[in-house]
Amino acid sequence: MSATETGTGTGSRPARVRPAPAAGNDWEWAAPAPTAAPPPHAPGPAGPHGAPSPGAGAPHARVPRRRRLLVSLLPLVLLLAVSGCGFLRVYPAARLAPVVAVAVLAPMTLSVLLSGALSRRRATLNPLWPSVLLTVVGWLVTVCATLFRHSGGGLPTPAAMSDAWSALLDAPRAVLTTILPVPGTPALLVLPHAVLWLASFATAELGLRTKGPLLPALPGVVAFGVPVVFGVGGPGPGLVLVGALAACAGLVALTRGRVAPSWRSLAVGLPTVAALAVVAGAVGPYLPGVGAPYDPRHTVTPPITRPMSVSPLDEVAVWMRAGTQPVFTVRTSGGDGGQNYRLAVLDSYDGVTWSSDARLERTGGRVPSQPGVDPGGTQKVVQHFTVDSLPGIWLPAADRPVQVSAPASADLAVDPAGGTLTVGGSALGPDQASVRAGYRYTATSEVPVYDASRLQYAPAADDPAMTELPRTDAAGQPIEAVSTFTRTAAQATAGATFPYEQAVKLADWLRDTYHFDPTALPGHSYRQLEFFLTSGKRGTSEQFAAAFAVMARTLDLPSRVVVGFRQGVPVGGGTYQVRGQDVLAWPEVEFQGIGWVPFYPTPDAASAHGASVAPAGQPKQRQQVDQKITQQPRSATPPRKDGVGGQAAAPGRAGGPPPWLYAPLAVLALAVCYLLRAAWVPWRRRARRRGDPDPGRRVLGAWQQIVDRLTEIGLPPTGAHTAAEVAAFGAERVGGAAGEHLPALAELVNQVGYAGRAPDAAAADAAWRHCDAVERVVVASRPRRERLRRALRPSALLGRR
């Protein structure tokens, strides 16, 4: 019989079904297009008892779809909540949580109410423009009633709206010029409030007005990109949220798919979504380029604030004369005690004054760590300060703090380079020149615990700015004092082999050669330091620290001067009182991979002149490290630690996995994706066929599923078979009840596909029962290895049999 024969004549064979153009070799039993469309409200084909069949266009058939749309909003809310969690890298969790809850739920609820999605009498949703207008008004009312309630009393008055709009425009720059996490002030929280409100509104409208499974998830994904950009370098969750976002997108696709979700689809879909989320979270951190994301802070210049015009090193003599006058009290926990409290870091010297080049940036309390630095170990020290009389705007802390907790009204700022803290706002006294008496704050520091083996052979850091000295005067003539410092430094460090040994010998030489005198005249200019080294030989920690730093720079050791205080005297309950006479200046030297290491060239005030002079302010642990280094035999070359020779690589320089690991991870990710798609394609194809709302198309889908299964056990994969031929092959190879009913099912397929018959739901269900029986026989007759091999073929990956 030719391929053009039809089954319209009496007794003629069923027509051959040609493959659909878009399916390649895959052929579908599809009905031809109807000759005329039914009227908009005409009843569809009658069902078993005369009722309209499903999908016939009855008005009440829209109710389940509307219910599905409303249910699909639940995973969208979860997706928006995950997007809001991305702002945890930017804002404190306690202040961000209510903003996320309001900005996600309020606009979505408003959109549902305004769109008419809850009404069972409406066939279409309300127009969009009222929702847009009322959502904008709702945002103004909400933001004024929550974040800016003090400005407008909870109502969108012109003053409150002006404050909210100005804050929204200024918030991006303010966030980019503030150390993360930023303070949770209304002027900064308005940014996530507006972003999430807009995303929630767009998500709700797309979810209610479109049929795309993933289109409503797009606003939440875009909103997640905002904290990703603004939160570079901030603490909190990072790529873990990407996996959660992928999981939420998978849930959205499951609930908004063409096939209504069932327990079977959820049993397959949810593990697949979870697997994708795990793969995204595990592989994501190791992708090339992830470790160094684009930071928009490099394009924004933060406001430069100079902490004070007068160098605090000039104030050392003033504090010394204050004697026992209290400066602050501190209660510490953790550490081994004996730590000093750093106040200001001075890193610039012009031949007259040591000053600070600090570029202060606002912070919510976090102090960023110095990149590429690992001292070998740290001790956590928590300090609770109460200020008594502290001139200037600096706040003391043990070493470089990592976190500061201060009253919400205080404006904290930090110098990222030096780690020094300053305060402003209500924390300053009436004259704005000193910290208000009674001011309390808590600082948490990670005090370094140095390793002797690493310090001994550590090279000096490559930091030219920290080795600069003025070497010529205004007339361009060489400054003689610089030559004096150079000769003296070379004499003091004679025999030293490595930079750390040079610094230790320089501090020992100053401490053993010169006297501590609290009544010495202040000053640290070239002339005064030259007099101190050659004639006076008496001074305070100001001269000892400044002389060390200048001479260290002549040895190409990056150095700076720190002004702070010693531990003070105990007053009970683990509390110490720090007085004016406890002021101490000390130098620091920068070593590669270790950071800034303090040295203590000032002799203890209670020590007599001689070789056993104790260093003022030196912690016990550090003293033991220096003794271990100076007492052990010295080697002219450092030990071989890297297997090649020379110094061991500096820690922190080669973080992350090795480059060779990227290729195996990429292959593993592709393999997982391949397996997931191979498992998902046949399940999805079968679910779409069985879940079709039209009973006729369900019958044709069941027949196509039977044809696919019979192809696996010998039916030639061609589109030239008639339905009767397929039924005869199936009856022979399958047998049983399913095989006996295949000829009748083939006749029904021909009637549906060519005679225009509209079967009822019972006939469609019966067709799928036959399909289930055929599939069970086929699966049982094929070895597991063969089934796996067939499922993993590229044709299965592309959705073809």
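# A walk through the predicted model

The protein exposes about 38,200 Å² of accessible area, and carbon and sulfur atoms supply 61% of it. This is a predicted model. The protein has 801 residues, and buried residues make up 45% of them. Its secondary structure comes to 23 helices and 22 strands. Contacts often span the sequence. Among those between residues at least 6 apart, 74% join residues at least 24 apart.

Start with the interior. The largest nonpolar core has 84 residues. Those with the most contacts inside this core are Trp354, Val423, Tyr439, Tyr526, Phe548 and Phe599. Helix H15, residues 541-554, gives the most to the core: nine residues. Apart from this core lies another, of 52 residues. Tyr91, Trp139, Ala174 and Val252 are among its members.

Now return to Phe599 in the largest core. Its neighbours can be listed, leaving out residues up to four places away in sequence. Phe599 touches Tyr500, Ala503, Val504 and Ala507, among others. Its contacts also include Phe548, Trp586, Pro587, Val589, Phe591 and Arg622.

Tyr526, another residue of the largest core, leads to helix H14. This helix covers residues 526-536. Its buried residues are Tyr526, Leu529, Phe532 and Leu533. They cover an arc of only 130° around the axis, so they sit on the same side of H14. Arg527 and Phe531 are on the other side of H14, and they are exposed. What do the buried residues of H14 pack against? Their partners are strand S4 (348-349), helix H12 (480-492), helix H13 (499-513), strand S17 (538-539) and H15. After H14 comes Lys537, whose phi is positive, near 55°.

Helix H19 can be read in a similar way. It runs over residues 723-733. Ala723, Val726, Ala727, Phe729 and Gly730 are buried there. They cover an arc of only 165° around the axis, which puts them on the same side of H19. Gly735 follows H19, and its phi is positive, near 70°.

Next come the charged side chains. Side chains of opposite charge can pair when their charged atoms come close. With a cut-off of 4 Å between side-chain nitrogen and carboxyl oxygen, the count comes to 17 salt bridges.

One of them joins Glu205 and Arg209. Their closest N and O atoms are 2.5 Å apart. Both residues belong to helix H6, residues 186-209. They are four residues apart, so about one helical turn separates them. Is each partner buried or exposed? Glu205 counts as buried, because its relative accessibility is 6%. Arg209 has 30% and therefore counts as partly exposed.

A second pair brings us back to the surroundings of H14. The side chains of Asp517 and Arg538 meet in a salt bridge, 3.6 Å from N to O. This pair links distant parts of the chain, 21 residues apart. Asp517 is in the loop between strand S16 (515-516) and H14, while Arg538 is in strand S17. Asp517 has a relative accessible area of 16%, so it is buried. Arg538 is partly exposed, with 44%.

A third pair is Asp692 and Arg697. Here the closest N and O atoms are 3.1 Å apart. Asp692 counts as buried, at 16% relative accessibility. Arg697, at 46%, counts as partly exposed.

Salt bridges can also join up into a network. Arg686, Arg690, Arg709, Glu712, Asp772 and Glu775 are linked in this way. Find these six residues in the structure to see the network.

Finish on the outside. Which residues form a nonpolar patch on the surface? They are Trp129, Leu133, Val137 and Val141. Together they have about 420 Å² of accessible area. Trp129 lies in helix H3, which covers residues 129-146. Its relative accessible area is 63%, so Trp129 counts as exposed. The cut-off for that term is over 50%.

Terms used: Residues are numbered from 1 along each chain as its sequence is written. This is a predicted model: local features need pLDDT of at least 70, side-chain atom pairs count only at pLDDT 80 or more; totals for chains, interfaces and linings use all residues. Side-chain values use heavy atoms; hydrogens and water are left out. Patches are made of residues with over 30% relative accessible area and no salt bridge: like charges are joined within 9 Å, nonpolar side chains (Val, Leu, Ile, Met, Phe, Trp, Tyr) within 5 Å. Accessible areas come from the Shrake-Rupley method with a 1.4 Å probe; for residues, only the protein chains shown count as cover. Helices (H or I, at least four residues) and strands (E, at least two) are DSSP runs, numbered from the N terminus. Buried means under 20% relative accessible area, exposed over 50%, partly exposed in between (1.4 Å probe, protein chains only). The arc is that of the directions from the helix axis to the C-beta atoms. A nonpolar core is a set of buried Ala, Val, Leu, Ile, Met, Phe, Trp, Tyr and Cys residues joined through side-chain atoms within 4.5 Å. Contact means heavy atoms within 4.5 Å.
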